[in-house]
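Me: I'm new to this structure and would love a close look at one part of it. Could you choose a helix, take me through it slowly, and then show me how other parts of the chain fit together?

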Amino acid sequence: MTSEKPSLSSKVLWAILGLVLLADALDMIDSTVTNIAAPTIVRDIGGGDALVKWLGSAYALALGVLLVVGGRLGDRYGQRRLFLVGMAGFTAASALAGAAWSPAVLIGARAVQGAFGALLIPQGMAIMTKHFPREMQQRAFGLFGPLLGIATVGGPILAGFLIDADLLGLAWRPIFLINVVLGTAGIALAARILPHDDLDAAAPVRIDGLGSGLLAAAMFGLIFGLIEGSTEGWNAVPIACLAGGVAFLGAFAWRQRTAAEPLIKPSLLANRGFSSGLVTGLVFFASSSGLAYIISLFMQQALGAKPSAAALGLLPMTLGIIVAAGFTMAGPGGRMGRKLIAIGMCITLVGAGGLLAVVETSGLDATLWGLAPFVFVIGLGLGACYGTLFDIALGDVAPDEAGGASGSLSAVQQLAAGIGSAVVTSVYLHGADQASAMATALIVVIAATVACLPAVRLLPKHGQPEPHGELAAV
């Protein structure tokens with residue numbers, strides 16, 4: 001039999017939370033760090049538009065195919081063990097990416113990063129669910145949306161300054177090599193503080209091989225089809241991939257209802273509020289991540305900004321996220337429930353619409369200062385949603401399923417960042433010229449955000465009740 005949940009000190013619990021946030025931030029930053037770096041990388045090692053597209057797509061594809069399976073592998077072999085394996089593999093793949101001598105090697109390293117990220121990310125949520133008291137779980141999960149939103153924009157900003165600093169003459173390579181330092185520190189800390197796995201040898205967790213295969217095939221078909229179709233045109237190949245992805249996704253849903261050990265609990269999928277939050281989060285996070293990517297590309301490729309200048313051009317978005325997230329987590333924002341999500345999406349639409357107006361009227365004569373107010377408004381909208389969607393989607397989830405549901409939402413945000421960057425960038429690169437490409441990509445982002453608005457009404461009105469207890473006030 002499995003022993004009772006070990007009692008960990010508050011100090012250790014907060015250290016574990018910091019470690020999990022570090023791992024998630026590393027993954028989120030690496031899914032977006034090429035937003036700024038792509039033009040510089042192409043000038044250095046070649047590869048053209050194909051490299052720009054697959055820098056993000058290779059990462060997203062590997063992550064999407066293996067993410068849910070990675071969570072089940074942790075259940076089977078132990079979260080501590082898989083966390084260490086994932087962090088070690090991610091660190092090694094980052095070293096390979098930083099040393100890449102050709103586009104093929106770099107794309108391969110990005111795929112390996114995504115694969116090990118898929119092993120790493122689910123373990124953090126599972127560890128917190130298993131070892132954190134209920135009150136601290138809610139506090140911890142409430143931090144993920146805003147912090148990962150900041151990491152999404154912070155990655156390109158960090159990349160811009162590292163590239164222009166040209167440390168040791170390495171140009172773009174430190175954006176990946178910095179992971180070696182942080183990853184090594186993370187491995188040492190994880191080995192020291194993570195609780196040892198207590199696996200029940202008498203009743204080992206079984207991994208549904210058929211369900212895993214169906215989900216992997218579905219994710220591959222959908223992501224690859226979207227990437228190829230938006231770049232190469234909607235010929236037979238991407239259409240067949242999308243059709244196959246939808247078919248495999250349907251087969252996966254059927255399998256979850258009949259499997260003895262499903263990858264995702266059917267009760268969670270049957271929860272309308274949670275399912276709506278999952279779908280809304282996937283679409284909105286994907287479109288917003290793609291938006292940050294194309295803004296950075298437009299600043300560099302169309303307006304001629306240096307990487308550090310483009311990074312500063314994205315800084316208003318980060319400030320907007322911080323301001324809105326602070327309002328969300330304290331004061332009247334915390335009592336508005338799902339209304340705040342709808343307001344945040346509308347604010348995002350105002351910002352994106354303002355950018356579209358500037359691009360349509362000024363074209364390549366636009367300036368970073370002219371874009372800044374609308375970039376800030378976009379950040380306000382994103383911050384309102386990032387800090388609220390997680391909490392609201394969990395409003396109707398049973399307490400014993402909150403951990404798994406929170407992990408699923410975090411995984412969706414991670415996956416959406418990669419998909420959004422890949423797909424929206426593909427739309428941008430397919431444009432006839434820089435100005436029209438930016439306008440088309442903005443229209444796609446606006447349409448995706450508008451499509452999310454009706455789904456907000458299906459979410460629970462409010463999040464779960466505010467926790468009470470000793471750790472709630474920590």
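Reply: **Starting from one helix**

Helix α16 covers residues 434-456, which is 23 residues, and spans 34 Å between its first and last C-alpha, close to the 33 Å expected at 1.5 Å a residue. Please keep in mind as you look around that this is a predicted model.

Now see which residues of α16 are tucked away. The buried ones include Ala435, Ala437, Met438, Ala439, Ala441 and Leu442. Further along α16, Val445, Ile446, Ala448, Thr449, Cys452 and Val456 are buried too.

Let's pause at Cys452, whose relative accessibility is 3%, so this residue counts as buried. Does Cys452 have a bonding partner, or which cysteine sulfur is closest to its own? The closest is in Cys385, and because the two sulfurs are 8.8 Å apart, they are too far from each other for a bond. A disulfide needs the two sulfur atoms within 2.5 Å. A search of the whole structure turns up zero disulfides, and Cys385 is in none, with the sulfur of Cys452 as its nearest cysteine sulfur at 8.8 Å. Cys385 is buried as well, at a relative accessible area of 1%.

With α16 in mind, step back to the whole chain. It holds 16 helices and zero strands. Of its 474 residues, 55% count as buried. Among contacts with a separation of 6 or more, 84% join residues 24 or more positions apart.

For an example of how helices pack here, turn to α4, made up of the 20 residues 79-98. From first C-alpha to last, α4 reaches 28 Å, close to the 28 Å expected at 1.5 Å a residue. Most of α4 is covered, with 14 of its 20 residues buried.

One partner of α4 is helix α7, residues 174-193; their axes come within 8 Å and cross at roughly 160 degrees. That angle is why α4 is described as roughly antiparallel to α7. On the α4 side, the contact residues include Phe83, Met87, Phe90, Thr91 and Ser94, while those of α7 include Phe176, Asn179, Val180, Gly183 and Ile187. The crossing of these two helices is left-handed.

Asn179 is worth a visit within α7. This residue is buried, with a relative accessible area of 3%. Leaving aside residues up to four places away in sequence, Asn179 touches Phe90, Thr91 and Ser94, along with Leu26, Asp30, Gln113 and Thr184.

Another partner of α4 is helix α3, residues 48-77, packed at an angle of about 150 degrees with the axes 8 Å apart. Therefore α3 is roughly antiparallel to α4. Here Tyr59, Leu73, Gly74, Asp75 and Tyr77 of α3 meet Gln79, Arg81, Leu82 and Phe90 of α4.

A last stop is Gly245, in helix α9 (residues 236-258). Gly245 is buried at a relative accessible area of 0%. Its contacts, not counting residues up to four places away in sequence, are Ala218, Gly221 and Leu222. Gly245 and Gly225 are 20 residues apart in sequence, yet their C-alpha atoms are 8.3 Å apart in space.

How values were computed
Residues are numbered from 1 along each chain as its sequence is written. This is a predicted model: local features need pLDDT of at least 70, side-chain atom pairs count only at pLDDT 80 or more; totals for chains, interfaces and linings use all residues. Side-chain values use heavy atoms; hydrogens and water are left out. Buried means under 20% relative accessible area, exposed over 50%, partly exposed in between (1.4 Å probe, protein chains only). Helices (H or I, at least four residues) and strands (E, at least two) are DSSP runs, numbered from the N terminus. The expected span of a helix is 1.5 Å times one less than its number of residues. Axes are lines fitted to C-alpha atoms, for helices over the stretch in contact, and angles run from 0 to 180 degrees between N-to-C directions. Angles under 35 degrees count as roughly parallel, over 145 as roughly antiparallel, 65 to 115 as roughly perpendicular and the rest as oblique. A crossing is left-handed if the near helix is turned anticlockwise from the far one by less than a right angle, and right-handed if clockwise. Contact means heavy atoms within 4.5 Å.
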